[in-house]
Amino acid sequence: MKITFDIDCTPAEARAFLGLPDTEALQKEMLDEMRKRLGSMNPEDMMKLWYPAGTDAMQQMQKAFMEQMAQVAGGFAGGKKD
């Protein structure tokens with residue numbers, strides 16, 4: 001036997017019903033602080049912060065991936081036999 005219940009409520013009502021804390025004020029405060037901090041940064045500085053090794057590391061990873069894929073494809077194309 002299978003029983004299904006559909007409950008129509010807002011996320012705030014669900015949190016209150018389940019006894020979860022209301023974190024809306026904390027979330028708003030954190031988002032405001034992030035906007036304030038990120039608003040003064042230019043995109044280049046953010047990329048340096050998020051990717052300390054820069055785009056070189058990403059390009060090296062892509063190159064290694066492409067080389068690996070080429071080896072796999074070459075094995076299939078070369079008619080590898082067991």
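In the predicted model, the protein exposes about 8300 Å² of accessible surface, and carbon and sulfur atoms supply 61% of this area. Burial is correspondingly reported for few positions, with buried residues making up 2% of the 82 residues in the protein. The secondary structure consists of four helices and zero strands, and the order of elements, read from the N terminus, is α-α-α-α.

Within this arrangement, α1 is hardly covered, since the count of buried residues among its eight residues is zero. The helix is followed by G19, a residue whose phi is positive, with a value near 80°.

The loop between α1 (11–18) and α2 (24–39) also contains D22. This residue has a relative accessibility of 60%, and because a value over 50% is classed as exposed, D22 is assigned to the exposed category. Despite its place in a loop, D22 takes part in a contact with the backbone, in which its side chain reaches the backbone nitrogen of E24 at 3.3 Å; E24 is the residue at which α2 (24–39) begins. With respect to the preceding part of the chain, D22 and A12 are separated by ten residues in sequence, while their C-alpha atoms lie 7.8 Å apart in space. A12 itself falls within the range of α1 (11–18), the helix for which no buried residue is counted.

Conventions. Residues are numbered from 1 along each chain as its sequence is written. This is a predicted model: local features need pLDDT of at least 70, side-chain atom pairs count only at pLDDT 80 or more; totals for chains, interfaces and linings use all residues. Side-chain values use heavy atoms; hydrogens and water are left out. Helices (H or I, at least four residues) and strands (E, at least two) are DSSP runs, numbered from the N terminus. Buried means under 20% relative accessible area, exposed over 50%, partly exposed in between (1.4 Å probe, protein chains only). A polar contact is a pair of N or O atoms within 3.5 Å; within protein, one must be able to donate a hydrogen and the other to accept it, and residues adjacent in sequence count only if both atoms are side-chain atoms. Accessible areas come from the Shrake-Rupley method with a 1.4 Å probe; for residues, only the protein chains shown count as cover.
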